[in-house]
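Visitor: I would like a close look at a single part of this model. Please take one residue and its surroundings, then move outward.

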Amino acid sequence: MTQTQTQTTRRGRPGYDQQGILAVAVAAFNEHGYDATSIGMLAERLGLSKSAIYHHFASKDEMLDLALDAALSGLEAVVEDPFPDADSAPGTDAVMRLEHVLRGAVHVLVDQLPAVTLLLRVRGNTEVERRALTRRRAFDRRITALVTEAQAEGSLRADIDASVVARLSFGMINSIVEWYRPGGREGADRLADDVVAIALDGLRRRESASTD
């Protein structure tokens, strides 16, 4: 092989920056499990040396931490982002924010499907996983508080425990990772419409019920 051919081969070999390596690592974690995935396995899959991976990441735990943080930060941002039309419909503020959160969570799941899938599979076996689970439980409590607020303002029926509503609603959203495939018939907007229709239509108080 001539020097020119060698240079061409090197240029043609796909390169990986930190995000590219992380994407491959997350896919491997989801496919084989975090514990069963080694740096050696990742190096073979990437076609890189272990030292090349360690140039970008101090450890496998750091990869997991970054991936879980991306998923959790996306979900947390949905709750923290003030709903722009919250003042436009007095008396329905909480339920509008709840709908906003449900829609936003679907978008986060679709946009960061591998990372969210990984988040839903952690079991607290490492310190990184335990920190992620603590943040996830805090997120769940904020959703429950929002449901409670919507029930108190009279927007949602109050005969179902708020924590059950929160768990069932996000159980439905989380199940999307098991069957959703990018590029399918339904995009994030349509999925969000479907989730809101199923999750909230049966929970909203009807005018006739509020006048009894």
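Why does Ala71 count as buried?

Guide: The model is a predicted one. Ala71 counts as buried because its relative accessibility is 0%, and the cut-off for buried is under 20%. This residue is found in helix H5, which spans residues 60-80. Leaving aside neighbours within four places in sequence, Ala71 is in contact with Val108, Gln112, Ala115, Val116 and Leu119. One of these partners, Ala115, is 44 residues away from Ala71 in sequence, yet the two C-alpha atoms are 5.6 Å apart.

Helix H5 also takes part in the packing around helix H2: the buried residues of H2 pack against H5, as well as against helix H3 (39-46), helix H4 (50-56) and helix H7 (113-121). The buried residues of H2 are Ile21, Leu22, Val24, Ala25, Val26, Ala28, Phe29 and Asn30. H2 itself runs over residues 18-32 and reaches 21 Å from its first C-alpha to its last, close to the 21 Å expected. At its start, a side-chain oxygen of Asp17 comes to within 3.3 Å of the backbone nitrogen of Gln19. Just after H2, Gly33 has a positive phi of about 95 degrees.

Several of these H2 residues recur around Met63. Beyond its neighbours within four places in sequence, Met63 is in contact with Ile21, Leu22, Ala25 and Phe29, and also with Ile39, Leu42, Ile53 and Phe57. Met63 and Ile53 have the most contacts inside the largest nonpolar core, a set of 65 residues. Helix H6 (residues 93-111) supplies the largest share of this core, 11 residues.

Methods: Residues are numbered from 1 along each chain as its sequence is written. This is a predicted model: local features need pLDDT of at least 70, side-chain atom pairs count only at pLDDT 80 or more; totals for chains, interfaces and linings use all residues. Side-chain values use heavy atoms; hydrogens and water are left out. Helices (H or I, at least four residues) and strands (E, at least two) are DSSP runs, numbered from the N terminus. The expected span of a helix is 1.5 Å times one less than its number of residues. Buried means under 20% relative accessible area, exposed over 50%, partly exposed in between (1.4 Å probe, protein chains only). Contact means heavy atoms within 4.5 Å. A polar contact is a pair of N or O atoms within 3.5 Å; within protein, one must be able to donate a hydrogen and the other to accept it, and residues adjacent in sequence count only if both atoms are side-chain atoms. A nonpolar core is a set of buried Ala, Val, Leu, Ile, Met, Phe, Trp, Tyr and Cys residues joined through side-chain atoms within 4.5 Å.
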